[in-house]
Amino acid sequence: MRDRSFAPSRALIYLVVTLFAAAYLAPLVVVVLNSLRTNEEIAQSSMIGWPQHWAFGNYAMAWSGFCVAETCAGIRPYMLNSALITIPATIFSTLLGAVAGYAVSLWRFRGDTWIYGIVTLGLFLPQQMRLLPWTIVLRDIGLINTLSGLVLIHTIQGLSFTVLFCRNYYVAIPHELIRAARIDGAGFFRIFWRIILPLSAPILIVTVIWQFTHIWNEFLYGVTFTTGQQQPVTAALIALSTPVADIPKQGVQSAAVIIAALPTLLIYLFGGRYFVRGLTAGAVK
Amino acid sequence: MTDIVSTAARPGRPATSEMVRRLPEFLMIWVPLLLSAAHLISFSIWTIWISFTPSTLVPVTGWVGLRNYNSVLASRNWQIAFDNLLLFGTAFVLLSLTTGLLLAILLDQRIRGENVLRTIFLYPLAVSFVVTGTVWSWLLNPGIGIEKLAHDLGWTSFHFDWLVNRDMAIWTIVIAAIWQSSGFAMALFLAGLRSVDSDIIKAAQIDGAGPVRTYWRVILPTLWPITVTVIVVQLQFAISAFDLVRALTNGGPGIATQLPALVVYDLMFQRSQLGRGAAAAVLMLLILLAVLLPYAAWRYVRQRRAAHA
């Protein structure tokens with residue numbers, strides 16, 4: 001395989017990977033080009049084409065102008081909602097997951113294996129099994145149709161992943177390190193703060209990227225537990241794509257799609273290595 | 001291992017103040033873990049319980065046995081959703097597996113630009129299913145997408161109307177799902193290929209095996225544990241697929257691309273049939289368990305064997 005005897009067919013290899021790369025990139029290219037074409041131009045030809053007149057105004061319109069349902073404030077309020085859900089939920093679930101992962105892997109306590117096992121079952125339990133209970137609980141504690149409600153849900157649900165990631169990372173840390181610190185009189189938090197946290201950068205980056213991407217892209221909870229102005233951007237995109245009186249708006253819609261996808265795409269571009277690590281860590285379980 | 005409780009009481013200090021001192025760490029450890037574990041167990045039981053009650057608009061007490069299950073299983077909606085799941089699950093898993101394996105093998109040929117290519121094959125995983133579904137709904141829409149483009153270019157006999165064709169619409173979901181997640185299979189397979197012992201490969205080559213034969217006989221057989229993992233993860237996605245379908249076809253045309261997760265949502269929040277919706281959710285869980293339990297058993301056996309070896 002890692003052998004030059006394959007040489008005659010190398011041209012074929014390059015041809016095939018290039019074709020695949022083109023197919024994977026095509027949807028992105030099409031949407032980016034559409035986001036720069038006027039709605040009328042798209043309506044006259046198709047979604048696939050080169051801009052005749054560069055319509056940069058689509059982005060301004062998508063950001064703060066067009067109407068979703070009855071409100072005409074563009075995608076901005078929903079982007080803000082998504083940020084206000086995603087950022088706190090990512091921070092909370094990562095921090096709590098790191099402490100719990102540290103406790104389960106290095107500190108050990110009665111019942112740790114059991115509770116860890118149950119928590120990781122959350123990786124498999126479908127969201128549909130939790131929809132009704134969450135609806136009832138959120139209503140009872142007054143958090144239905146609020147951003148805080150979604151922060152709460154994503155923090156608790158995210159723990160299954162964050163505890164797993166951190167625990168699997170921390171088990172590789174030598175126990176002697178902890179034992180020595182304890183003999184010196186260091187407590188649970190001091191050891192975490194002084195010894196564990198400085199070693200944690202790689203796994204915290206993986207966890208943060210994973211959580212951010214998942215929560216930002218989440219749709220089912222967003223659409224179930226919030227309505228109107230409280231919805232995250234994924235739900236707003238669906239609301240936006242409902243045709244209103246056959247007025248073509250694919251140019252603006254494309255710009256909205258690009259804006260909505262940008263945060264996670266940028267994170268992927270700049271943190272790709274950690275993104276992939278999270279992907280494989282989440283799969284191997 | 002050391003136990004947090006037994007080390008808590010150090011000689012010369014009253015145990016209660018020790019407990020108070022250590023309260024923050026108990027809270028930090030136990031509250032999140034207990035909340036997480038408790039919500040998983042209680043919410044599952046809660047949903048299962050609702051599935052046996054005559055709940056419609058609001059949850060009510062009462063016992064109707066398997067009535068909700070029977071009515072879901074007898075409904076046209078669920079039957080179509082289940083058939084679709086079988087077709088979608090099989091086609092999507094097989095195709096994304098083969099695409100991912102092919103890409104991994106190609107990328108493993110020491111080609112130039114591997115990093116760029118890998119980035120391209122994996123980026124769809126970073127965008128939401130809502131975005132993927134929306135974009136593919138444009139591309140596959142015969143009125144504005146690929147078919148329209150072909151017509152505009154003069155190929156007027158070209159037909160690609162799967163999105164609005166009852167018999168073919170489910171394949172549009174397969175296409176979009178493969179585009180979105182075959183990179184995942186590629187990433188895992190590539191990691192597997194990179195960890196194959198190069199001595200085995202050399203030995204095979206010394207024995208005179210060509211590259212194709214080396215792959216087929218020596219390298220690919222080492223990948224089957226990864227293959228099982230990829231299949232299970234992809235099936236898990238297929239079984240609970242919701243966002244992608246919602247954005248791409250919304251179950252249509254008609255109910256031609258209905259899937260279990262859409263049936264659950266429809267029953268719970270559009271038809272206010274909480275009991276039946278919960279029953280459909282439990283059925284989804286059972287389908288998932290039919291995949292996950294054999295997988296867990298397989299992993300358990302493998303780990304035991306590895307421990308004994």
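Modeller: Before we start, helices here are DSSP runs of H or I with at least four residues, numbered from the N terminus. And keep in mind that this is a predicted model.

Biologist: Got it. What pattern does chain A follow along the sequence?

Modeller: Chain A's secondary structure comes to 13 helices and 0 strands. So with helices taken as those DSSP runs, reading along the sequence of chain A gives α-α-α-α-α-α-α-α-α-α-α-α-α.

Biologist: And how much of chain A is made up of buried residues?

Modeller: The C-alpha trace of chain A spans about 75 × 70 × 30 Å along its principal axes. A residue is called buried if 20 or more other C-beta atoms lie within 10 Å of its own. Of the 285 residues in chain A, the buried share is 48%.

Biologist: Which helix gives the most to the side of chain A that touches chain B?

Modeller: The contact takes 81 residues from chain B and 72 residues from chain A. With 14 residues, the top contributor on the chain A side is helix H13 (residues 250–284). By class, that side of chain A has 51 nonpolar, 16 polar and 5 charged residues. The helix you asked for, then, is H13 of chain A.

Biologist: Over to chain B: is H4(B) parallel or oblique to H8(B)?

Modeller: Helix H4 (residues 76–107) and helix H8 (residues 169–194) of chain B have axes 6 Å apart and pack at an angle of about 40 degrees. Angles under 35 degrees count as roughly parallel, and 65 to 115 as roughly perpendicular. The angle of about 40 degrees therefore makes H4(B) oblique to H8(B).

Biologist: How do the residues of that H4(B) contact with H8(B) divide by class?

Modeller: The crossing itself, H4(B) passing H8(B), is right-handed. The contact residues come out as 20 nonpolar, 6 polar and no charged.

Biologist: Does A:Asn145 count as buried or exposed, or what else?

Modeller: A:Asn145 sits in the loop between helix H6 (128–140) and helix H7 (147–170) of chain A. Its phi is near 60 degrees, a positive value in a residue other than glycine. Buried needs 20 or more neighbours, and exposed 12 or fewer. A:Asn145 has 16 C-beta neighbours inside 10 Å, so it counts as partly exposed.

Biologist: Last one: where does B:Pro253 lie?

Modeller: The peptide bond from B:Gly252 to B:Pro253 is cis, with omega near 0 degrees. As for the place, B:Pro253 is in the chain B loop between helix H12 (243–248) and helix H13 (260–270).

Terms used: Residues are numbered from 1 along each chain as its sequence is written. Chains are lettered from A and ligands numbered from 1 in the order in which they are written. This is a predicted model: local features need pLDDT of at least 70, side-chain atom pairs count only at pLDDT 80 or more; totals for chains, interfaces and linings use all residues. Two residues are in contact if their C-beta atoms, placed from the backbone, lie within 7 Å. Helices (H or I, at least four residues) and strands (E, at least two) are DSSP runs, numbered from the N terminus. Ala, Val, Leu, Ile, Met, Phe, Trp, Tyr, Cys and Pro count as nonpolar, Asp, Glu, Lys and Arg as charged, and the others, Gly among them, as polar. Axes are lines fitted to C-alpha atoms, for helices over the stretch in contact, and angles run from 0 to 180 degrees between N-to-C directions. Angles under 35 degrees count as roughly parallel, over 145 as roughly antiparallel, 65 to 115 as roughly perpendicular and the rest as oblique. A crossing is left-handed if the near helix is turned anticlockwise from the far one by less than a right angle, and right-handed if clockwise.
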